[in-house]
Amino acid sequence: MSVTVRVPAKVNVQLAVGAARPDGFHDLANVFLAVGLYDEITVTPAAPGDGVHVTCDGPDAALVPLDGTNLAARAAEALAARYGRRPDVRIHIAKDIPVAGGMAGGSADGAGALVACDALWGTAAPRRELLDICAELGSDVPFSLLGGAALGTGRGEKLTALDVGGVFHWVFAMADRGLSTPAVFREFDRLAEGRDVPAPVASRPLLDALAKGDPDALAAAVSNDLQPAALSLFPALADTLAAGTAAGALTALVSGSGPTTAFLARDAESAVKVADVLRVSGTCRSVRTASGPAQGATLIPRERAGV
Ligand SMILES: C[C@@](CO)(OP(=O)(O)O)[C@H](O)COP(=O)(O)OP(=O)(O)OC[C@H]1O[C@@H](n2ccc(N)nc2=O)[C@H](O)[C@@H]1O
Ligand SMILES: Nc1ncnc2c1ncn2[C@@H]1O[C@H](COP(=O)(O)OP(=O)(O)O)[C@@H](O)[C@H]1O
């Protein structure tokens, strides 16, 4: 018997970052949109005493840690500890979300393993409890569970679901190396030295654009306070952003802490055109199209799971 859960990637359509807090985190106004690029997490019972065993396949699999630091392994351990049971489980990650790309791939695997183990073990944890465990695992993990669109406050873990009035079409350009999230926040702090950093606030025009499903209004309202820091650490991303804009994207931005770059297109056809131009631009490793909002962590019926 095994259980498979599908979990989407995210793009941050607004990422407003406040000053560093005493605990080292930053308060955020983080507007997440889940997009249709997915990891699939399959859990299978292991023999008593075997503990957690993680495997992974996909183009970026070599970059994923398979030890106890893997967020999927940590999720299984955390759920087992709460319910006083042994975490004897095999976890397989079919990874399609780029690793260390600012698209919350590790968070997706954490949320997916949690939902999958909850179903496998019959713990039937209340949703509130699952969200609390997610928040312990990482700031982005609760959103991976929720999906859709949401405003994340605090360090991004306190979520308010948002209305979205239509489908947004995106193109994502993957870079040839990753960026470390803590390093990008440290660079943000360095660039902010000697300046007053205002408290982060969600943009009203941005929330209205999402609610209307209006791509032009969304393009005019997107923002990412981590973008200057990501560009400072990875200057070549400016060429990718310029190539996508020249190809007809409505707007171009770094996804979260990067280095994946995100391009909003007016419709699906235009997204394909932007993707085709980016693919031959020589400014990125690979290119994908995906639309959002996408559903959060979802159990997949056995006959449809790719296992
Ligand atoms: C920047 C964002 C935007 O959604 O995503 P990514 O671009 O990494 O996907 C998130 O805030 C990343 O969330 P997540 O990847 O879960 O980070 P965490 O594990 O909680 O924290 C990793 C490190 O990032 C920094 N961090 C994270 C969140 C936050 N609000 N302030 C921070 O300063 C801290 O240095 C922390 O030690
Ligand atoms: N299941 C996982 N998948 C990917 N990365 C993971 C996972 N578990 C832990 N990590 C670690 O988290 C780091 C950040 O990866 P990821 O979540 O893909 O990127 P980002 O935080 O930029 O969205 C990776 O470099 C890796 O060391």
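**Exercise 1.** Find how many residues of domain 1 are in contact with how many residues of domain 2, and describe the side of domain 1 that touches domain 2.

*Solution.* Begin with the count: 29 residues of domain 1 are in contact with 36 residues of domain 2, where two residues are in contact if their C-beta atoms, placed from the backbone, lie within 7 Å. Next, look at the elements: β1, β2 and β5 each supply at least two residues of the side of domain 1 that touches domain 2, helices (H or I, at least four residues) and strands (E, at least two) being DSSP runs numbered from the N terminus. Then sort this side of domain 1 by class, which gives 21 nonpolar, seven polar and one charged residues; here Ala, Val, Leu, Ile, Met, Phe, Trp, Tyr, Cys and Pro count as nonpolar, Asp, Glu, Lys and Arg as charged, and the others, Gly among them, as polar. Finally, place the domains along the chain: domain 1 covers 3–162 and domain 2 covers 168–292, with bounds that come from an automatic or database domain assignment, and their centres, taken over C-alpha atoms, are 22 Å apart.

Before going on, note that this is a predicted model, in which local features need pLDDT of at least 70 and side-chain atom pairs count only at pLDDT 80 or more, while totals for chains, interfaces and linings use all residues. Residues are numbered from 1 along each chain as its sequence is written, and chains are lettered from A and ligands numbered from 1 in the order in which they are written.

**Exercise 2.** Determine which residues the UniProt annotation "active site" covers, and decide whether each of them is buried or exposed.

*Solution.* The annotation, from an unreviewed entry, covers Lys10 and Asp140; UniProt positions are given in the numbering used here, feature names are shortened, and annotations may be inferred rather than shown by experiment. Although the two residues are spread over 131 residues of sequence, they cluster in space, with a largest C-alpha distance of 9.3 Å.

Take Lys10, which is found in strand β1 (residues 3–20). Lys10 counts as buried because it has 32 C-beta neighbours inside 10 Å: a residue is buried if 20 or more other C-beta atoms lie within 10 Å of its own, exposed if 12 or fewer, and partly exposed in between, with C-beta atoms placed from the backbone. Apart from neighbours within four places in sequence, the contacts of Lys10 include Leu33, Met103, Ala104 and Phe143.

Now take Asp140, which lies in the loop between α3 (127–137) and α4 (141–146). Since 29 other C-beta atoms lie within 10 Å, Asp140 is buried. With neighbours within four places in sequence set aside, Asp140 is in contact with Ala104, Ser107 and Gly156.

**Exercise 3.** Show where Met103 and Ala104 are placed, and list contacts of each.

*Solution.* Both residues are covered by the UniProt annotation "binding site", also from an unreviewed entry. Met103 is in the loop between β4 (89–94) and α2 (105–121), and Ala104 is in the loop between β4 and α2 as well. Met103 has 28 C-beta neighbours inside 10 Å and therefore counts as buried, and Ala104, with 29, counts as buried too. Not counting residues up to four places away in sequence, Met103 touches, among others, Lys10, Leu37 and Thr260, whereas Ala104 is in contact with Ala9, Lys10, Asp140 and Ser144.

**Exercise 4.** Work out which strands pair with β5.

*Solution.* Strand β5 (residues 149–153) is mostly covered, as four of its five residues are buried. β5 pairs with β2 in the antiparallel sense over four bridges, two strands being paired if DSSP finds at least two bridges between them, and Leu33 stands opposite Ala149 in β5. β5 also pairs in the antiparallel sense with strand β6 (residues 158–161), over four bridges, and there Leu151 has Thr160 as its bridge partner. The hairpin of β5 and β6 has four residues between the strands, and in it Gly154 takes a positive phi near 65°.

**Exercise 5.** Explain why ligand 1 is said to lie between the domains.

*Solution.* First count the shell: 21 residues surround ligand 1, the closest being Gly138, Ser139, Arg155, Gly256 and Ser257, and a residue is near a molecule if its C-beta atom, placed from the backbone, lies within 6 Å of it. The elements giving two or more residues to this shell are β1, β2 (26–45) and α5 (181–192). Because domain 1 and domain 2 both give residues to the shell, ligand 1 lies between them.
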